[in-house]
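These are my notebook entries on the structure shown below. I record what I looked up, entry by entry.

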Amino acid sequence: MGRTTALAVVGHALAEPHVPIYVIDGGGGGLAELAPLATVGDVIGVHDAERVARLIVQLADPNRAAGRGLIVLHRYAMIVDVLSEQLGPEAAALSSALSVTGPYGRRQFIVTAGSDREVSMRVTSMFAQRVVHALADATGYLTFGIKPAEAAGLGPDDVIDPDTGLRGRIGWLGDGELASIASSLPPVAEAVPVRILGDQVARDALPTAAVGPTGWIVPIGLDEDLTPRSVVVAAGRPLVVVGGPGSGRTTALATATACIAPTSVCVIDDADRLSKDEGEARLAEAAEHGQPVVLATTPASLRSFGGWLAPLLASATVVLINPSRHDGEAVRTLVPDLTRHPTGRSVLIDRGRAVVIQLAA
């Protein structure tokens with residue numbers, strides 16, 4: 001009964017050409033064999049926190065494949081625990097999405113668990129269909145309305161279907177069940193994988209810079225949709241690159257100014273080393289010659305009060321490299337903590353809007 005029902009669940013999704021399957025595997029990689037199926041967009045290990053987070057962001061967008069797909073959460077409790085450890089404050093929002101209670105649209109879930117205690121009753125009560133393997137602790141059957149005596153004699157591969165008149169397309173499968181079911185199904189549709197930013201972006205992978213109505217439009221990296229992102233380098237619109245030692249500030253300056261003649265732009269590296277008088281003198285000279293200002297500094301100097309950098313921030317485009325949550329305070333913008341991400345992962349803040357990018361190098 002359990003295998004047949006599970007086959008119907010997955011098979012129904014595969015029969016619809018626009019319903020891909022995405023798997024978050026909290027079981028140690030046991031579902032990797034599903035990845036080659038054309039209808040499986042991705043099998044993501046739970047420790048790949050960035051890819052998991054990206055998938056869950058896509059769940060909220062009904063225009064994306066994941067926003068209308070079949071989501072497999074293998075070992076639900078492990079997924080929630082690992083995300084809480086790896087993502088910190090961001091885990092609450094992700095856990096909410098994984099609890100299948102939020103406004104996450106046109107999709108179905110298959111959730112697996114090793115015991116009745118791995119998933120809360122608040123979550124299990126939302127499932128229209130449940131399949132229960134033989135449990136080591138017979139009292140666990142009570143969670144599903146099954147008396148332990150009714151389950152006596154079950155073998156390790158046996159299942160019980162506690163529901164009658166099965167309806168819906170949401171199921172609960174025991175450990176190991178999903179792999180044998182889904183691997184036997186023929187691929188019928190092409191699914192789009194979950195794409196994330198790589199550790200590096202080559203400059204020659206970006207479009208060439210161009211002159212716009214107000215100044216140079218210079219691509220400096222890719223956003224999370226792998227779309228090129230640009231900054232405007234123009235007089236009266238400073239570009240401020242903020243990062244610690246070795247973060248790639250100088251490289252970012254070179255990328256932003258490579259297409260501009262050195263005499264046409266005011267470039268200030270290590271701006272935090274200039275005194276207030278020196279800094280203001282450089283800015284006055286740039287204004288006199290109508291030069292754009294592009295500078296690099298540290299997070300500490302950006303947050304200092306009364307410095308010569310403070311007046312720039314009102315009109316500046318700011319790039320925060322691997323910022324902590326506190327680094328956005330100086331520009332009054334809430335930014336994600338990217339300190340655990342690859343070097344060059346940054347937040348581009350332009351006119352109050354923050355976008356995660358990977359800087360080109």
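Entry 1, cysteines. I looked up Cys266 and found it buried, with a relative accessible area of 6%. I noted that this is a predicted model. I then looked up Cys259, which is partly exposed at 31% relative accessibility. The value for Cys259 is 31%, so it falls between the limits of 20% for buried and 50% for exposed. I searched for disulfides and found zero in the structure.

Entry 2, the chain as a whole. I recorded nine helices and 16 strands for the protein chain. The chain has 361 residues, and buried residues make up 48% of them. Its exposed surface comes to about 17,000 Å². Carbon and sulfur atoms supply 54% of that surface. I also looked up contacts between residues at least 6 apart in sequence, and 65% of these join residues at least 24 apart.

Entry 3, nonpolar cores. Which residues have the most contacts inside the largest nonpolar core? I found Val240, Leu295, Trp308, Val318, Leu320 and Ile349, in a core of 23 residues. At least two residues of this core come from each of β11 (239-242), β12 (266-268), α8 (276-288), β13 (293-297), β14 (317-321) and β15 (345-350). Apart from this core lies another, of 21 residues. Tyr22, Ile56, Ile79 and Val111 are among the residues of that other core. For context, I noted that nonpolar side chains tend to be buried together in soluble globular proteins.

Entry 4, Val318. I located Val318 in strand β14. Val318 has 1% relative accessibility, so it counts as buried, the limit being under 20%. Which residues does Val318 contact, leaving aside neighbours within four places in sequence? I listed Val240, Val242, Leu313, Val331, Val347, Leu348 and Ile349. I also checked Val318 against Leu239: the two are 79 residues apart in sequence, and their C-alpha atoms are 5.9 Å apart in space.

Entry 5, Ile349. Not counting residues up to four places away in sequence, I found Ile349 touching Ala316, Thr317, Val318, Leu320, Val331, Thr333, Val335 and Ala354. Val318 and Thr333 are thus both on the list for Ile349.

Entry 6, Thr333. Where does Thr333 lie? I placed it in the loop between β14 and β15. Is Thr333 buried or exposed? I recorded Thr333 as buried, at 11% relative accessibility. Beyond four places in sequence, Thr333 is in contact with Gly328, Ile349, Gly352 and Ala354. Ala354 is also among the residues that Ile349 touches.

Conventions:
Residues numbered from 1 in each chain as written. Predicted model: local features only at pLDDT ≥ 70, side-chain atom pairs only at ≥ 80, totals over all residues. Heavy atoms only, no water. Core = buried A, V, L, I, M, F, W, Y, C linked by side-chain atoms within 4.5 Å. Buried < 20%, exposed > 50% of the residue type's maximum accessible area, 1.4 Å probe, protein only. Contact = heavy atoms within 4.5 Å. Disulfide = S-S within 2.5 Å. Areas by Shrake-Rupley, 256 points an atom, 1.4 Å probe, with all protein chains shown as cover.
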